[in-house]
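Let's walk through this protein together, one region at a time. Keep the sequence and the 3D view side by side as you read.

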Amino acid sequence: MFSSRIESLHILEAACWQELQRAATDRRHGWRLMTLATVNGDEADARSVVLREARRGPQELVFYTDARAGKVQQIARQPKGTLVMWSRELAWQLRLRVQLSVDTDGPDVAQRWAEVRRTRSAADYLAGVAPGSELPTPLVPERASREHFAVVTARVLSIDWTELHEDGHRRAIFQADHATWVQP
Ligand SMILES: Cc1cc2nc3c(=O)[nH]c(=O)nc-3n(C[C@H](O)[C@H](O)[C@H](O)COP(=O)(O)O)c2cc1C
């Protein structure tokens, strides 16, 4: 938490990544639940996803999904997306332009699944039918014979930061080679 207002763009960018890393491990952090917007043909789509990891060096965020989910098909067709998150505690919104990629096998996926399968959320990746399939009843269908666990990496292309404050709202944009304050 930052009690005084940050004046330096450099420090602000570092603070954003510090908060993203905190959000990946703190269930109460507002940024833990992100809205992911994707392109679905000629329409927009959006849904909530949970931040699992933030890596400042490669500028990457990670979330998990069912490999059969609609968003995975959308990402295969158009890998550009936007992540939006809001922390009431910080009064900070982030809008991140991201390049998305989906992994369903390999050592990293295997290691993450080994951890997830011991938790209650393992069921999210073990449904007998794909997400969005019509069901005859509201009851949860049988488990699949194998998991459909996928790791989605969102490489951050730009950060659009907005702070709401009683002394005046502020906004800044960080891109690969350029950082600037902008009118909110
Ligand atoms: C609080 C909350 C957290 C969620 N977290 C995830 C998540 O981490 N990954 C995910 O794929 N879906 C998550 N969902 C479900 C998605 O929002 C969405 O309903 C589902 O993935 C189907 O989306 P799609 O058809 O666009 O793929 C979450 C839903 C809620 C309400």
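Arg95 stands opposite Asp160 in strand β7. This is a predicted model, so treat each distance and area below as a value computed from predicted coordinates. β7 covers residues 149–163, and twelve bridges join this strand to β6, with the two running antiparallel.

Asp160 has another partner to look for. Its side chain and that of Arg171 are joined by a polar contact of 2.6 Å. You will find Arg171 in strand β8, which covers residues 170–175. Is Arg171 buried or exposed? With a relative accessibility of 19%, Arg171 counts as buried, because the cut-off for that label is under 20%.

Now turn to the other pairing of β6. This strand, residues 92–103, also pairs with β5, residues 80–87, in the antiparallel sense, here over eight bridges. If you would like a pair of residues to click on, try Thr82, whose bridge partner in β6 is Arg97. Together β5 and β6 make a hairpin, with four residues between the two strands. One residue in that turn, Ala91, has a positive phi of about 60 degrees. While you have the strands on screen, here is a general point to keep in mind. In a regular strand, side chains alternate between the two faces of the sheet.

Next comes the ligand. Which residues surround the ligand? They are Leu33, Arg47, Ser48, Val49, Val50, Tyr64, Thr65, Ala69, Gly70 and Lys71. Sorted by class, this shell has five nonpolar, three polar and two charged residues. Some polar atoms here are worth zooming in on. A nitrogen atom of the ligand is 2.8 Å from a polar backbone atom of Tyr64. From the side chain of Thr65, an N or O atom lies 2.6 Å from an oxygen atom of the ligand. Lys71 places a polar side-chain atom 2.6 Å from a ligand oxygen atom. On its own, the ligand has 620 Å² of accessible area, and the protein covers 57% of that. Which elements give two or more residues to the shell? They are β2, β4 (60–66) and α2 (70–77). The largest share, four residues, comes from β2.

Strand β2 spans residues 43–50, and Ala44 is found in it. Ala44 is exposed, with a relative accessible area of 72%, because anything over 50% earns that label. For a sense of scale, Ala44 and Glu19 are 25 residues apart in sequence, and their C-alpha atoms are 28 Å apart in space.

The helices make a good last stop. In α2, the buried residues are Lys71, Val72, Gln74 and Ile75. Looking down the axis of α2, you will see these buried residues within an arc of 160 degrees, so they line one face of the helix. Ala76 and Arg77 are exposed on the other side of α2. Lys71 therefore appears in two parts of this tour: it is buried in α2, and its side chain has a polar atom 2.6 Å from a ligand oxygen.

Helix α3, residues 107–116, has Val109, Arg112, Trp113 and Val116 buried. Down the axis of α3, the buried residues fall within an arc of 100 degrees, so they too line one face of their helix. Turn α3 to its other side and you will come to Pro107 and Gln111, which are exposed.

Terms used
Residues numbered from 1 in each chain as written. Predicted model: local features only at pLDDT ≥ 70, side-chain atom pairs only at ≥ 80, totals over all residues. Heavy atoms only, no water. Buried < 20%, exposed > 50% of the residue type's maximum accessible area, 1.4 Å probe, protein only. Near = heavy atom within 4 Å. Polar contact = N/O pair within 3.5 Å; in protein donor to acceptor, adjacent residues only side chain to side chain. Areas by Shrake-Rupley, 256 points an atom, 1.4 Å probe, with all protein chains shown as cover. Nonpolar A, V, L, I, M, F, W, Y, C, P; charged D, E, K, R; others polar. Pairing = 2+ DSSP bridges. Arc of directions from axis to C-beta.
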